[in-house]
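Open the model in a viewer and keep the sequence panel in sight. The stops below are given as selections, each followed by what is found there.

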Amino acid sequence: MAVISKNYPAPERVQVKRALLSVSDKTGLIEFAMRLSKAGVELVSTGGTARSIAEAGLPVRDVSELTGFPEIMDGRVKTLHPGVHGGLLAIRDDAEHTAAMEAHNIGAIDLAVINLYPFEEVRASGGDYATMVENIDIGGPAMIRAAAKNHAFVNVVVDPEDYAALLAEMDAMDGQTTYAFRQRLAQTAYARTA
């Protein structure tokens, strides 16, 4: 085990069993989702991402099934829920955290694949005020930061360019990822949300 602090050891390897995918940039999404599904990873997704995955014939669980709450307010509220954030933030070897997960039926999320609304591109292309406001992402940065904070147990991917590296890591480690790999992913995630 890697030791993050005196009271917070990180497991050297983490098995990827469940992935939450919520992406605006769908570059490489279907091939990536196919590889995850073939590796036995449960796919959970939101809105358009879930539709794209389902249309490709892959099994995908809509995030509203996970939370027990529908997407509301034109999709503004969909992932801001304890069922998502508890699954990302739970310290897996902490008895109090695992008891809370069990008590509230919160499943662990081992991989968060999130890229943000294209605010910069919309602004650069002269988008009007209302369009720019709707491209201010709230749930995405919250999930990215939650997953990165808990990189001891969770992988976070914010760029389609990193799909191949994650798949290679999982292939080499029999469906698992190393702490050093998760730490590198978290560094990229923090840089993106900064």
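Start with what covers the buried residues of α2: select β4 (18–23), α1 (29–38), β5 (42–45) and β6 (61–62), which are among the elements in contact there. Contact means heavy atoms within 4.5 Å. Helices (H or I, at least four residues) and strands (E, at least two) are DSSP runs, numbered from the N terminus. The model is predicted: local features need pLDDT of at least 70 and side-chain atom pairs count only at pLDDT 80 or more, while totals for chains, interfaces and linings use all residues. Residues are numbered from 1 along each chain as its sequence is written, and side-chain values use heavy atoms, with hydrogens and water left out.

Now select helix α2 itself, residues 47–55, and colour G47, T49, A50 and I53, which are buried. These residues lie on the same side of α2, because they cover an arc of only 165° around the axis, the arc being that of the directions from the helix axis to the C-beta atoms. Buried means under 20% relative accessible area and exposed over 50%, with partly exposed in between (1.4 Å probe, protein chains only). Turn to the face of α2 directed away from its buried side: the exposed residues R51 and E55 are there. Step just past the end of α2 to G57, where phi is positive, at about 85°.

Next, show α1 together with α2. Their axes are 10 Å apart and the packing angle is about 70°; axes are lines fitted to C-alpha atoms, for helices over the stretch in contact, and angles run from 0 to 180 degrees between N-to-C directions. The two helices are therefore roughly perpendicular, a term that covers 65 to 115 degrees. To see the contact, select L29, I30 and A33 of α1 with T49, S52 and I53 of α2. By class, this contact of α1 with α2 has four nonpolar, two polar and no charged residues. Ala, Val, Leu, Ile, Met, Phe, Trp, Tyr, Cys and Pro count as nonpolar, Asp, Glu, Lys and Arg as charged, and the others, Gly among them, as polar.

Move on to α8 (residues 139–149) and α10 (residues 179–193), which pack at about 150° with axes 9 Å apart. Select P141, I144, R145, A148 and K149 of α8 and A186, A189, Y190 and T193 of α10 for the contact. Its residues divide into six nonpolar, one polar and two charged.

Last stop: α4, residues 82–89, where G83, V84, H85, G87 and L88 are buried. Add β4, α3 (63–67), β7 (111–115) and α8 to see what the buried residues of α4 pack against.

Terms used:
Parallel < 35°, antiparallel > 145°, perpendicular 65-115°, else oblique.
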